[in-house]
Amino acid sequence: MNKKVETENIKRLIDSIHIAFNQLLVLRTQAKTELSELDKELSNQYHNIEGIEIEHMCDSHFMVMKLKDILHHRREAKINHTLLESFITALERNVTKTKKRTAEIIKRHDEIIQEIIDRAK
């Protein structure tokens with residue numbers, strides 16, 4: 001015989017999806033902040049390069065290495081932000097609806113159970 005489908009298991013799994021989605025929302029905010037900070041750092045580095053008088057070859061080398069480091073970190077931040085933004089945008093309305101609808105279904109179920117208990121008295 002097949003394993004019985006249990007309501008509590010279904011509710012637990014749905015809750016875990018909603019919890020994971022909320023965690024993704026937090027990560028999206030963090031990723032956006034990180035990308036913004038790296039954009040500012042990149043802009044500052046460009047201004048440093050533009051404004052400094054390069055007297056020795058090693059000066060330009062250090063500036064380019066710093067720029068390369070910033071660009072590498074920005075590339076990682078950009079992919080993180082893009083992945084999160086794309087995924088969340090695609091699901092946000094549906095997840096919000098399912099949260100509301102799940103709560104309504106559970107509330108109505110509990111009300112029906114209580115009505116049954118009350119009538120049996």
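The expected span of a helix is 1.5 Å times one less than its number of residues. By that rule, helix H1 should reach 66 Å, and its first and last C-alpha atoms are indeed 66 Å apart. The model is predicted. The protein holds two helices and zero strands. Its radius of gyration is 26 Å, well over the 14 Å of the globule rule for 121 residues, so the protein is more spread out than a compact globule.

**Overall form**
- The C-alpha trace spans about 95 × 30 × 20 Å along its principal axes.
- Of the contacts with a separation of 6 or more, 79% join residues 24 or more positions apart.

**Surface and charge**
- Buried residues account for 15% of the 121 residues.
- The protein exposes about 10200 Å². Carbon and sulfur atoms supply 59% of that area.
- There are 21 positive and 20 negative charges. The mean positions of the two sets lie 12 Å apart.

**Helix H1**
- H1 covers residues 7-51, which is 45 residues.
- Its buried residues are His 18, Phe 21, Arg 28, Ala 31, Leu 35, Leu 38, Leu 42 and Gln 45.
- An α-helix has 3.6 residues a turn, so residues three or four places apart point the same way.
- The buried residues of H1 pack against helix H2, which runs over 57-120.

**Arg 28**
- Arg 28 sits in helix H1.
- Buried means under 20% relative accessible area. Arg 28 has a relative accessible area of 18%, so Arg 28 counts as buried.
- Leaving aside residues up to four places away in sequence, Arg 28 touches His 81, Leu 84, Glu 85, Ile 88 and Glu 92.
- Two of the residues that Arg 28 touches are glutamates, Glu 85 and Glu 92.
- Arg 28 and Met 57 are 29 residues apart in sequence. In space, their C-alpha atoms are 41 Å apart.

How values were computed
Residues numbered from 1 in each chain as written. Predicted model: local features only at pLDDT ≥ 70, side-chain atom pairs only at ≥ 80, totals over all residues. Heavy atoms only, no water. Helix = DSSP H or I, 4+ residues; strand = E, 2+ residues; numbered from the N terminus. Rg over C-alpha atoms; globule rule 2.2 N^0.38 Å. Buried < 20%, exposed > 50% of the residue type's maximum accessible area, 1.4 Å probe, protein only. Contact = heavy atoms within 4.5 Å. Areas by Shrake-Rupley, 256 points an atom, 1.4 Å probe, with all protein chains shown as cover. Lys, Arg positive; Asp, Glu negative; His and termini not counted. Charge placed at Lys NZ, Arg CZ, Asp CG, Glu CD.
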